[in-house]
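I opened this notebook to record what I looked up in the structure. The entries follow the order of my reading.

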Amino acid sequence: MPGRWTDRAAGLTLEAAAAPNETGAVAAAVHGAGASYVGRFAPSPTGPLHAGSLVAALASWLDARAHGGRWLVRIEDSDTPRCQPGTDRLILGQLAACGLLPDEPPWWQSSRGAAYQAALQQLLDAGLAYPCACTRQEIEAAWAARGVLRPRHAELVYPGTCRGGLHGRPARAWRFRTEGNLPSHADGVLTWHDRRLGVQRQDVAREVGDFVLKRADGLWAYQLAVVVDDAAQGITHVVRGEDLADNTARQILLQRALGVPTPHYLHTPLVRAADGQKLSKQNGARPLDLADPLVALRAAGAVLGLPGIGPVRSVADWLAAAVPAWSGIIRGFADGTQPRSP
Ligand SMILES: [Zn+2]
């Protein structure tokens with residue numbers, strides 16, 4: 001019922017029960033014939049939208065409209081302890097104030113556990129996932145025995161201790177088997193194309209290792225949830241912040257393992273805080289001031305390299321003018337005439 005979503009925030013009817021495809025084989029969710037465009041914005045409700053997250057929201061909306069496609073919103077609340085109650089509704093209200101209205105009712109990842117479990121089982125049945133009994137301390141000890149210490153602020157690549165079985169230890173987490181899943185045409189390096197950044201490469205087995213699908217605390221890992229949901233929602237184009245580009249190779253491996261299509265990817269420029277880091281709640285990003293949504297939209301548009309849009313009467317008028325401007329930018333990415341960073 002897309003009509004429901006034409007109302008402003010105050011009139012929104014949010015139904016957590018709206019998420020369909022609660023169960024069923026992931027592989028059954030394939031793109032419709034003709035591969036019509038379906039995009040999405042997938043915020044985590046760990047805090048309200050700020051200037052940085054609006055950039056990704058706006059870019060994904062503009063890209064969907066520029067392609068004549070549909071635009072969906074998915075609340076990525078699978079990491080429950082980090083989510084703040086009520087923030088999902090706050091974010092949906094902020095999007096609505098900016099004229100960014102999803103074409104279908106949003107999904108909540110917290111209601112999708114059965115689908116993630118089905119996907120994990122599919123991977124286990126195929127020998128592409130396995131249980132792991134290791135604690136963080138045991139992983140560090142395994143590397144220390146080989147003379148490798150954990151760099152500060154970095155995760156160690158999993159040493160593969162449980163690949164051959166648990167040997168009576170209890171399962172804590174479930175991991176994806178990266179070795180043996182790699183493309184045969186290259187020396188273990190997965191190559192993918194970003195519409196803005198160009199060709200990207202990652203040796204997942206060596207640089208990331210067998211990554212977690214279900215965590216020791218019982219929560220679903222981001223990588224599995226996002227791949228299952230993108231497939232189930234028929235997402236054809238992912239447009240998101242550049243900080244997530246590093247996850248893409250892992251997600252493509254999972255897509256191949258689950259037999260679902262790989263979307264097209266475009267990673268947007270980040271808004272930097274004063275310290276040069278990505279703007280985030282942790283380094284002082286304030287919630288969007290939506291007293292005048294046009295101010296926030298113009299700032300987000302500038303980060304995306306949109307040319308200045310003259311005086312407009314409303315948010316809707318600004319968005320209408322921004323769509324052809326975005327079309328020009330993505331044509332420029334495609335033919336190499338648009339700088340990758342404004
Ligand atoms: Zn292990």
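**A sheet and a helix pair**

I began with a strand pair in this predicted model: strand S4 is joined to strand S5, residues 173-176, by 4 bridges, and the two run antiparallel. For one position in that pairing I looked up the partner, and Ala129 is bridged to Phe176 of S5.

I then traced the sheet to which the pair belongs. It is open, holds 3 strands in the order S4-S5-S8, and is paired in antiparallel fashion. I asked which strands stand at the edges. They are S4 (129-132) and S8 (212-214); each has a single partner strand, so one side of each lacks a neighbour in the sheet. I also noted the twist: on average, neighbouring strands of this sheet are turned by 40° against each other, direction ignored.

Next I turned to the helices. For a packed pair, the description consists of the angle between the axes and the distance between them. I looked up H1 (residues 51-66) and H9 (residues 315-335), whose axes come within 9 Å and cross at roughly 90°. An angle of 65 to 115 degrees counts as roughly perpendicular, and H1 and H9 are therefore assigned to that class.

I listed the residues of this contact. H1 contributes Leu62, Asp63, Arg65 and Ala66, which meet Ala322, Val323, Trp326, Ser327 and Ile330 of H9. By class, I recorded 6 nonpolar, 1 polar and 2 charged residues.

Finally, I took the chain as a whole. I noted 9 helices and 10 strands, and of its 342 residues 39% are buried. Among contacts between residues at least 6 apart in sequence, 79% join residues at least 24 apart.

Terms used: Residues are numbered from 1 along each chain as its sequence is written. This is a predicted model: local features need pLDDT of at least 70, side-chain atom pairs count only at pLDDT 80 or more; totals for chains, interfaces and linings use all residues. Two strands pair if DSSP finds at least two bridges between them. Axes are lines fitted to C-alpha atoms, for helices over the stretch in contact, and angles run from 0 to 180 degrees between N-to-C directions. Angles under 35 degrees count as roughly parallel, over 145 as roughly antiparallel, 65 to 115 as roughly perpendicular and the rest as oblique. Two residues are in contact if their C-beta atoms, placed from the backbone, lie within 7 Å. Ala, Val, Leu, Ile, Met, Phe, Trp, Tyr, Cys and Pro count as nonpolar, Asp, Glu, Lys and Arg as charged, and the others, Gly among them, as polar. A residue is buried if 20 or more other C-beta atoms lie within 10 Å of its own, exposed if 12 or fewer, and partly exposed in between; C-beta atoms are placed from the backbone.
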